[in-house]
Amino acid sequence: MLKIKAFAFNPFQENTYVLHDETKECVIIDPGCFDTSEKLELTDFIASNGLRPVKLLNTHCHIDHVLGNAYCKRNFGIELYAHKKDEPVLRAVKAYASNYGFAGYEESEIDHYIDEGDVVEFGSTSLDVLFVPGHAPGHVAFYHADTKQLMGGDVLFRQSIGRTDLPGGDHNTLIKSIHEKLFTLSDDVEVFPGHGETTTIGYEKVYNPFCGLKR
Ligand SMILES: [Zn+2]
Ligand SMILES: [Zn+2]
């Protein structure tokens, strides 16, 4: 059975997720931990639940989602999975990290490219990879079909959507990703976003002012 633990890390209040199942294997999605207390909070959760991290996943590579990449790779001995089109986004972080107050940011490399149609596995759990560009050029989401839960990153938020004014962002592409990849999932699919509270596909179809479907 899939369990999802959420942490809100760094001044962007970015949602870092640990997904684990009965095998005790887990994956870490978008580690935004930067200061020592945040790293300890993540590490303590993993240790106290007896979990074994096996993969590090990035939905996309904006700074708030990758601050803890290098720490997780080194500390847990795991490799990073992300989309090739977000590699330049990841490389760019080092140049602007200190401007955002993250002096001491450690760079990390993508070890495995993932794309639409790939399946990421850990323990007895399978996650389908959806390619959902627009907020970032190589943005992916991870869908657990068995429990209808979507790790959506910064594509779709409760009554909002990801910003598209950053390099590589494109508004029409984002709306197309939401309509063609997310709104084609069933209405009861639960969305775990990169910021803020969870929502459902059905709720956003009706109440989202940016991408909702007019009735
Ligand atoms: Zn982002
Ligand atoms: Zn974000």
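What share of the 215 residues of the chain counts as buried? In this predicted model, the figure is 53%. The legends below start with the whole chain and then turn to parts of it.

**View 1. The whole chain, with six helices and 14 strands.** The radius of gyration is 16 Å, close to the 17 Å that the globule rule gives for 215 residues, so the chain is as compact as a globular protein of that length. Along its principal axes, the C-alpha trace spans about 50 × 40 × 25 Å. Among contacts with a separation of 6 or more, 62% come from residues 24 or more positions apart.

**View 2. The surface and charges of the chain.** The accessible surface comes to about 9600 Å². Carbon and sulfur atoms hold 50% of that area. The chain carries 20 positive and 32 negative side chains. The centres of these two sets lie 2 Å apart.

**View 3. An open sheet of six strands.** The strand order is 7-8-9-10-13-14, and the pairing is mixed. Strand 7 and strand 14 (199-200) stand at the edges. Each has a single partner strand, so one side of each is left without a neighbour in the sheet.

**View 4. The hairpin of strand 7 and strand 8.** Strand 7 covers residues 119-122, and strand 8 covers residues 125-131. The two run antiparallel and are joined by four bridges. Val119 has Asp128 of strand 8 as its bridge partner. Two residues lie between the strands. Gly123, in the turn, has a positive phi of about 45°.

**View 5. The two faces of strand 7.** Val120 and Phe122 make up the covered face. Val119 and Glu121 make up the uncovered one. Val119, on the uncovered face, is the residue that has Asp128 as its bridge partner in strand 8.

**View 6. Strand 9 paired with strand 10.** Strand 9 holds residues 140-144, and strand 10 holds residues 149-153. They run antiparallel, with three bridges between them. One partnership links Tyr143 to Leu150 of strand 10. Both strands belong to the open sheet of View 3.

**View 7. Helix 4 and the elements packed against its buried residues.** Helix 4 spans residues 87-97. Its buried residues are Glu87, Val89, Leu90, Val93 and Ala97. What do they pack against? Two of the elements are helices: helix 2 (63-66) and helix 3 (69-76). The others are strand 5 (80-82) and strand 6 (112-113).

Definitions and conventions:
Residues are numbered from 1 along each chain as its sequence is written. Chains are lettered from A and ligands numbered from 1 in the order in which they are written. This is a predicted model: local features need pLDDT of at least 70, side-chain atom pairs count only at pLDDT 80 or more; totals for chains, interfaces and linings use all residues. Side-chain values use heavy atoms; hydrogens and water are left out. The radius of gyration is taken over C-alpha atoms; the globule rule is 2.2 Å times the number of residues to the power 0.38. Buried means under 20% relative accessible area, exposed over 50%, partly exposed in between (1.4 Å probe, protein chains only). Contact means heavy atoms within 4.5 Å. Accessible areas come from the Shrake-Rupley method with a 1.4 Å probe; for residues, only the protein chains shown count as cover. Lys and Arg count as positive and Asp and Glu as negative; His and the chain ends are not counted. The place of a charge is taken as NZ of Lys, CZ of Arg, CG of Asp or CD of Glu. Two strands pair if DSSP finds at least two bridges between them.
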